[in-house]
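User: I have a structure open and would like to learn how to read it step by step. Could you guide me through its features?

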Amino acid sequence: MDFGLEGKLAFVGGASRGIGKAIALELAREGADVVVGSRSMPDLEATAAEIAETTGRRAIPMSFDATNREQVDRVINAAADTLGGLHILVNSASLPGGSPSATGPIEDLIDEDLISDFDVKFVGALRCSRAAIPLLKAQGFGRIINISGLNARNAGNLSGGARNTSLVHMTKTLAAQLGQFGITVNCIHPGTTRTERTPSLLAARAEQLGGVSLEEAEAQDFAPGSPRGNHICRMVDASEIGYLTAFLASDKAWAITGELIAAGGGTGNAVYY
């Protein structure tokens, strides 16, 4: 299927690695030119070079801090100036899983870490969206896609759940405000996802399980009935989040806005209607 992304112009925040990088790569494979943004310019430069070499599309690195409104405004406008406009914004900047001191028992929670998590993921996405909206309106075609997470549906991780739930509310609010301008806004909940961090995380898990192999550690965690076991019984790959994002960014997805799509391979048994 032709997603109609040839020549579209995208900014992907949190794109130096992991899910954000996979999304930027898939958008470029579908024909979009992309600006990849995060704090780390060396990582961004390597990612942009890889995307350009793999896809033949323009991939431009721009560093910014999502907690700084001045930097956000600067980088979003610089991206549009460099690309020649802006059609797609992907908000994927965050500390995966949240700050450790903000995810455990509430009596041990450190206020500053909790606020920092919100400032990066939720308020950071709000800052990026606010800066991008005039540029999307100017194109008469706009896509905002927020990368949230399944912690929003699971009690226990206070920081991760709360900041992700806030992104869902913002998604629906922006969709209601922007639909008249041809802009759709949607949200994706990834579950546990295979990225560059996965080998080290699996190594730690294998040690907890008594020194089993990485393959056995993963198989145990995703077996049916295990806490992270799901209907496909394997870890979702970051590229699969990229495929979903490319569809939501496409001209085939006009009918979908203000919605949340879980992409965790069927994790969890709750019913949503």
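User: Let's start inside. Which residues have the most contacts in the largest nonpolar core?

Analyst: A nonpolar core is a set of buried nonpolar residues joined through their side chains. In this predicted model, the largest one has 32 residues, and those with the most contacts inside it are I23, L27, V36, I51, V90 and I188. At least two residues each come from β1, α1 (18-29), β2 (33-38), α2 (41-55), β4 (88-91), β5 (142-147) and α8 (238-248). The element that gives the most is α1, with 7 residues.

User: What is I188 in contact with, beyond its neighbours within four places in sequence?

Analyst: The list for I188 includes I145, N146, I147, S148 and G149, and also I241, L244, T245 and L248. L260, I261 and A263 are in contact with I188 too.

User: Where do V75 and C128 belong?

Analyst: They belong to another core, which lies apart from the largest one. This other core has 31 residues, and A80 and M170 are also among them.

User: Now a strand. Which way do the residues of β2 point?

Analyst: The general idea comes first: in a regular strand, side chains alternate between the two faces of the sheet. In β2, D33, V35 and G37 point one way, while V34, V36 and S38 point the other way. Since 6 of the 6 residues of β2 are buried, the strand is largely enclosed by the rest of the structure. Strand β2 runs parallel to β1, and 5 bridges join the two. One of the partnerships to look for is F11 with V35 in β2.

User: How many aromatic pairs are there?

Analyst: The structure holds 3. One of them is formed by F11 and F64, with 5.6 Å from centre to centre and 65° between the planes, so it is edge-to-face, a label for planes over 60 degrees apart. This pair links distant parts of the chain: F11 is in strand β1 (residues 9-13), F64 is in the loop between β3 (59-63) and α3 (69-83), and 53 residues separate them. Both rings belong to buried residues, as F11 has 0% relative accessibility and F64 has 4%.

User: Which rings have a charged group over them?

Analyst: Take F141 as one case: the charged end of K8 sits over its ring, 4.7 Å from the centre. Another case is W254, where R143 lies over the face at 4.3 Å from the ring centre.

User: How many disulfides does the structure hold?

Analyst: A disulfide is a covalent bond between the sulfur atoms of two cysteines. Here the number is 0. You can still look at the cysteines themselves: C128 is buried at 4% relative accessible area, and C187 is buried at 1%.

User: Can we follow a single residue? Where does S129 lie, and what does it touch?

Analyst: S129 lies in helix α4 (residues 111-139). With a relative accessible area of 1%, S129 is buried. Leaving out residues up to four places away in sequence, S129 touches L89, N91, I144, M170 and L174. S129 and L174 are 45 residues apart in sequence, and their C-alpha atoms are 8.9 Å apart in space.

User: How many helices and strands does the whole chain have?

Analyst: The chain has 8 helices and 9 strands. Of its 273 residues, 49% are buried. Among contacts with a separation of 6 or more, 73% involve residues 24 or more positions apart.

Note on methods:
Residues are numbered from 1 along each chain as its sequence is written. This is a predicted model: local features need pLDDT of at least 70, side-chain atom pairs count only at pLDDT 80 or more; totals for chains, interfaces and linings use all residues. Side-chain values use heavy atoms; hydrogens and water are left out. A disulfide is a pair of cysteine sulfur atoms within 2.5 Å. Buried means under 20% relative accessible area, exposed over 50%, partly exposed in between (1.4 Å probe, protein chains only). Rings of Phe, Tyr and Trp (its six-membered ring) pair if their centres lie within 6.5 Å; planes under 30 degrees apart count as stacked, over 60 as edge-to-face and the rest as tilted. Helices (H or I, at least four residues) and strands (E, at least two) are DSSP runs, numbered from the N terminus. A charge sits over a ring if NZ of Lys or CZ of Arg is within 6 Å of the ring centre and within 35 degrees of the ring normal. A nonpolar core is a set of buried Ala, Val, Leu, Ile, Met, Phe, Trp, Tyr and Cys residues joined through side-chain atoms within 4.5 Å. Contact means heavy atoms within 4.5 Å. Two strands pair if DSSP finds at least two bridges between them.
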